[in-house]
Amino acid sequence: MHTVEITPPAARFYSVVPAPTSTSSPAGGENATIWREESFGPSTERLPLRNAWVEINLAQLRRNFRLIGADKPAALKLMSVVKDDGYGHGILQVANMAIGHGVSSVAVSTLHEAMILRDAGFTAPILMLGERHGTELPWCVQHHLAVCINDITTAETLARTAARVNKRVPVHVKIDTGMARYGVRWDAAMPLLEFVAKEKSLLLEGVMSHFSQSDEQDKGYAMLQHGRFLGVLEAMEAARLPVHYRHLCNSGGYLDLPQAHHDMVRIGILPLGVFPSQVCRRIEGIRPVMTVKTRVSGIRTLQPGECVGYGMHYRANEPRRIAVLPVGYGDGYPRLRNRGHALIAGRRAPVIGGNAMDATMVDISDIPEAGMWSEAVLMGRQGSEEITARELAQWKGTVTYEVLVGWRTRLPRVYLDE
Ligand SMILES: Cc1ncc(COP(=O)(O)O)c(C=O)c1O
């Protein structure tokens with residue numbers, strides 16, 4: 001395993017600048033503005049690695065995509081959901097790996113995410129999830145982005161925008177089958193589908209929905225949603241509305257609801273090696289891609305009666321040896337009080353006291369090998385021990401998804417490959 005790339009701490013400044021008029025300014029968008037990224041510049045790029053970082057194992061990511069490719073029915077298409085910086089793993093790295101390993105398209109939530117991909121030369125299909133403001137539509141047309149459409153007004157604006165530049169935009173009509181988030185209600189969807197199908201500047205590429213709960217034992221609500229989706233598909237068939245892709249499964253749906261696969265599934269968390277729940281089906285060999293590490297940056301000995309950290313939440317009963325880890329809730333690590341562990345020398349060191357924005361103290365009395373600059377694992381495996389995203393989610397009172405995306409950009413991403 002060698003390091004292939006280190007992304008410097010992605011502390012970035014954003015400024016509002018006029019959209020460039022030559023290549024990227026969409027029709028009617030001369031006065032539009034977009035947030036543009038400016039890096040710190042070369043002086044920070046040469047900085048030594050911070051003593052806390054996120055490792056992304058590209059070899060495991062590749063393996064996971066291959067395992068999913070081998071697991072799925074041959075005709076089923078995969079869309080990789082790479083929003084929120086590829087769930088914190090790096091949008092470009094995940095999107096490029098996906099496309100190189102059997103995935104035919106990616107999905108993002110924001111125009112900025114799509115532009116990061118396009119600016120880097122990513123030419124594969126991109127689907128914009130969610131809802132688009134009218135000012136975003138020219139950008140979608142210009143940069144060949146497929147658009148989720150939830151209502152007639154946006155469909156009309158998109159049709160006009162595309163017609164103005166003689167383009168045909170792929171559209172995925174979103175059906176709300178019970179999530180009550182985006183989409184047209186299942187029982188009122190036909191007028192929108194018919195409108196999109198007849199507009200010459202729009203291509204009815206997809207019809208889609210999204211499960212509220214697909215990965216738990218009780219599939220009752222998922223079945224209700226699927227039934228509503230099937231009703232829409234039947235009505236489309238009766239009205240002879242052709243569509244390329246019918247899709248509603250996320251990772252949980254892919255694993256547990258094969259009857260709902262249709263033409264395509266949209267998977268986000270599964271290729272990253274984290275199963276969406278504890279009860280969903282497992283694919284042998286899929287393992288987490290992300291590990292979060294730090295190094296001991298202080299060692300002290302506590303005498304009986306002495307306290308640790310803000311709020312004096314821990315008081316030693318006997319002499320204790322403790323290590324300071326230079327990571328805290330400012331990095332996306334949970335704010336803890338005498339709860340949680342880090343791994344040092346392959347063993348669990350309990351978090352003691354209350355941790356801070358930049359520091360967490362652990363008890364290493366039983367780990368004599370632990371010394372200054374010893375490597376500590378906050379999430380991931382060390383030796384035969386492992387701290388999972390699920391465990392961190394419990395400590396944080398949240399879900400694994402939030403743990404993955406929660407690691408802040410002040411932790412540099414280090415990409416490893418075989
Ligand atoms: C519309 C939509 N489809 C698919 C996904 C992927 O979900 P998962 O990461 O559970 O595979 C998401 C993620 O939240 C989503 O919002």
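The following questions and answers introduce a predicted model of a protein.

Reader: How many helices and strands does the secondary structure of the protein come to?

Author: The protein has 418 residues, of which 43% count as buried. Among contacts between residues at least 6 apart in sequence, 66% join residues at least 24 apart. The secondary structure comes to 12 helices and 24 strands.

Reader: Is alanine 52 buried or exposed?

Author: Alanine 52 lies in strand S4, residues 52-57. A residue counts as buried if 20 or more other C-beta atoms lie within 10 Å of its own. Alanine 52 has 23 such atoms within 10 Å, and therefore it is buried.

Reader: How far apart in space are alanine 52 and valine 292?

Author: Leaving aside residues up to four places away in sequence, alanine 52 touches Thr294, Pro326, Val327, Asp331 and Leu411. Alanine 52 and valine 292 are 240 residues apart in sequence. From C-alpha to C-alpha, their separation in space is 7.6 Å.

Reader: In which sense do S4 and strand S14 pair, parallel or antiparallel?

Author: S4 is mostly covered, with 5 of its 6 residues buried. Strand S14 comprises residues 290-295, and 5 bridges connect S4 with S14. Within this pairing, glutamate 55 has threonine 291 as its bridge partner. The sense of the pairing is antiparallel.

Reader: Which residue in S24 is the bridge partner of isoleucine 56?

Author: S4 also pairs with strand S24, residues 413-417. These two strands run parallel and are joined by 4 bridges. In S24, the partner of isoleucine 56 is tyrosine 415.

Reader: Why is helix H4 described as largely enclosed by the rest of the structure?

Author: Helix H4 spans residues 91-100. Its buried residues are Ile91, Gln93, Val94, Ala95, Asn96, Met97 and Ala98. H4 is largely enclosed because the buried residues number 7 of the 10.

Reader: At what angle do H4 and helix H5 pack?

Author: Two packed helices are described by the angle between their axes and the distance between the axes. For H4 and H5 (residues 111-119), the axes are 10 Å apart. The crossing is right-handed. The angle is about 65°.

Reader: Which residues of H5 make the contact with H4?

Author: H4 contributes Ile91, Leu92 and Ala95 to this contact. By class, the contact has 5 nonpolar, no polar and 1 charged residues. The residues from H5 are Glu113, Ile116 and Leu117.

Reader: Which residues of S8 are buried on the side opposite Leu145, Val147 and Ile149?

Author: Strand S8 covers residues 145-149, and 5 of the 5 are buried, so it is largely enclosed by the rest of the structure. Both faces of S8 are covered, with Leu145, Val147 and Ile149 on one side. The buried residues on the other side are Ala146 and Cys148.

Reader: Which residue in S8 stands opposite isoleucine 126?

Author: Strand S7, residues 126-128, pairs with S8 in the parallel sense. The pairing runs over 3 bridges. Opposite isoleucine 126 stands leucine 145.

Reader: Which strands are the edge strands of the open sheet S15-S18-S21?

Author: This open sheet is formed by 3 strands with antiparallel pairing. An edge strand here pairs on one side only. The edge strands are S15 (298-302) and S21 (360-363).

Reader: Which residue in S21 stands opposite valine 324?

Author: Strand S18, residues 320-325, pairs with S21 in the antiparallel sense. The two strands share 4 bridges. The residue opposite valine 324 is methionine 361.

Reader: How do the residues of the shell around the ligand divide into nonpolar, polar and charged?

Author: The residues around the ligand include Val81, Leu129, His210, Asn250, Arg266 and Pro276. Helix H10 (251-256) and strand S13 (264-267) each supply at least two residues of this shell. The division is 6 nonpolar, 5 polar and 1 charged.

Reader: Where is asparagine 338 found?

Author: Asparagine 338 has a positive phi of about 50° although it is not a glycine. With 15 other C-beta atoms within 10 Å, asparagine 338 is partly exposed. It is found in the loop between S18 and strand S19 (341-344).

Reader: Which helix holds aspartate 84?

Author: Aspartate 84 is not a glycine, yet it has a positive phi of about 50°. It is partly exposed, with 18 other C-beta atoms within 10 Å. The helix that holds aspartate 84 is H3, residues 83-88.

Technical notes
Residues are numbered from 1 along each chain as its sequence is written. This is a predicted model: local features need pLDDT of at least 70, side-chain atom pairs count only at pLDDT 80 or more; totals for chains, interfaces and linings use all residues. A residue is buried if 20 or more other C-beta atoms lie within 10 Å of its own, exposed if 12 or fewer, and partly exposed in between; C-beta atoms are placed from the backbone. A residue is near a molecule or strand if its C-beta atom, placed from the backbone, lies within 6 Å of it. Ala, Val, Leu, Ile, Met, Phe, Trp, Tyr, Cys and Pro count as nonpolar, Asp, Glu, Lys and Arg as charged, and the others, Gly among them, as polar. Two residues are in contact if their C-beta atoms, placed from the backbone, lie within 7 Å. Axes are lines fitted to C-alpha atoms, for helices over the stretch in contact, and angles run from 0 to 180 degrees between N-to-C directions. A crossing is left-handed if the near helix is turned anticlockwise from the far one by less than a right angle, and right-handed if clockwise. Two strands pair if DSSP finds at least two bridges between them.
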